[in-house]
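User: Got a model here that I'd like to talk through. Can we start with the overall build and then go to the charges?

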Amino acid sequence: MSIGGGDWGVCGVSLKSTHVQEALRPQDCLYTLAVLDTKISHRIVGALSDILIAAKELPQVLDAMTAPATHIFTVTVTEKGYCLNINGDLNIDHPDIRHDLQYPQTPSSVIGIIAEALRRRFVAGLAPPTVISCDNLSNNGSLLAKAVLAYADLTDREAARWIEDNVCFPCTMVDSITPATDDSLRERVTKEIGLIDMLPVQREAYTQWVIENRFCGPKPEWEAAGAILTDDVVPYENAKLRLLNATHSTLAYLGLLLDIETVFQAMQNPLLPGFIERMMRVEIAPTVDSLPGLKINDYAAAILQRYKNPAIKHYLSQIALDGSQKIPIRILETVKNNLAAGRSVGRLCLAVAGWMHFVRTKTLRGEKVNDPLADKLRTIGANCTLDASRDVARFITLKEVFGQELPNNRDFIEALTEAYKALDDGSAVAITSALRSGL
């Protein structure tokens with residue numbers, strides 16, 4: 001929100017984690033925004049009124065969501081928080097969803113909490129809010145609406161019909177590289193502003209927030225702060241997911257296997273930048289529609305330049321989290337498009353094979369794989385023998401990742417097996433050789 005944002009404010013809600021509340025409440029919910037570019041700037045943000053924890057303050061959360069003055073719910077919980085299955089439908093077997101269906105008035109999932117808040121607004125005769133997904137999901141607003149409606153239909157059909165007829169779930173696309181807060185950032189901010197900030201936020205200078213122009217009621221003047229309101233978010237969304245997020249994941253898995261820590265360091269590698277540039281131009285760009293006022297090749301070049309920002313310390317380990325949720329959306333949809341069009345998929349498959357070797361290596365070292373499918377991945381990783389055909393066959397049994405179509409596509413299996421074999425034992429020597437060949 002801009003400095004002239006009017007009387008709007010934000011009440012933040014964490015589902016379970018308490019660290020944001022513990023850091024921000026003692027400092028009146030103020031925090032520093034550090035914008036990192038060739039010139040670094042700092043600004044104290046005062047938009048937050050409070051931070052609530054749903055797991056221990058659910059009544060207060062629902063009170064805030066059902067207040068007449070509340071007009072907008074925004075959702076940023078990453079892909080796994082939507083509790084969806086491989087088809088993009090609500091997973092009613094998810095433990096949180098099972099709990100919420102049994103105890104709908106005391107929900108624990110984001111889907112259950114939104115549905116219960118909307119039900120209470122319906123019963124009270126309050127105006128419908130706009131519910132905005134800000135997560136990296138293709139067609140995110142529609143997926144969120146579909147999940148909330150499916151859940152509501154199982155708990156209160158009358159409320160479900162009201163939600164369907166009245167509540168808006170616009171799609172969005174958010175793009176600004178935002179590394180996790182760490183001690184080095186805290187130290188830099190304290191030195192710069194002369195105050196101790198326990199939870200400053202850092203991001204690059206580049207920002208883009210595209211919102212489908214579909215609201216139920218009042219909204220802040222986000223467009224005055226640079227947001228783009230449009231009738232069609234899809235071109236922006238696909239460009240970001242496929243060009244930026246896909247190459248981010250590629251750098252993460254191949255970079256971590258090379259013992260590289262950050263995106264900037266990965267871009268100093270003699271081979272990785274050229275590899276992802278070829279991936280973008282040859283295998284990804286043909287699947288992305290042109291953006292209004294921006295050519296795809298120019299957009300791809302701008303992304304590569306953003307990765308080279310020395311002021312941004314974006315850890316590859318952060319990007320690598322929850323790979324089973326990200327790989328299908330960021331990479332495999334593009335693979336499907338290319339297979340259907342008869343285009344190459346070798347570089348995209350090397351990225352997927354990098355994730356497989358990442359899982360195998362973590363398991364071999366006895367390290368935790370941070371992923372919703374951690375148990376399944378640990379079992380697969382423990383049984384990998386570096387026989388490419390057999391290891392790939394183990395991974396593609398994960399329907400949550402590969403679905404029904406790709407495991408039956410001979411061209412995909414051959415390309416993925418070749419990529420996995422090219423990475424050999426996942427060593428630096430093998431990865432360097434694979435990158436040099438360019439597949």
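Analyst: Sure. The radius of gyration is taken over C-alpha atoms, and the globule rule is 2.2 Å times the number of residues to the power 0.38. Quick caveats: this is a predicted model, where local features need pLDDT of at least 70, side-chain atom pairs count only at pLDDT 80 or more, and totals for chains, interfaces and linings use all residues. Residues are numbered from 1 along each chain as its sequence is written, and side-chain values use heavy atoms, with hydrogens and water left out.

User: What radius of gyration does the chain have, against the globule rule?

Analyst: For 439 residues, a compact globule would come out near 22 Å. The chain agrees with that, at 22 Å.

User: Which residue forms a salt bridge with Asp 175?

Analyst: A salt bridge here is a side-chain nitrogen of Lys or Arg within 4 Å of a carboxyl oxygen of Asp or Glu. For Asp 175, the closest N and O atoms of the pair are 2.8 Å apart, and the partner is Arg 306.

User: How many residues apart in sequence are the parts that this pair ties together?

Analyst: Asp 175 sits in strand β7 (residues 172-175) and Arg 306 in helix α11 (residues 296-307). Helices (H or I, at least four residues) and strands (E, at least two) are DSSP runs, numbered from the N terminus. So the pair links parts whose separation is 131 residues.
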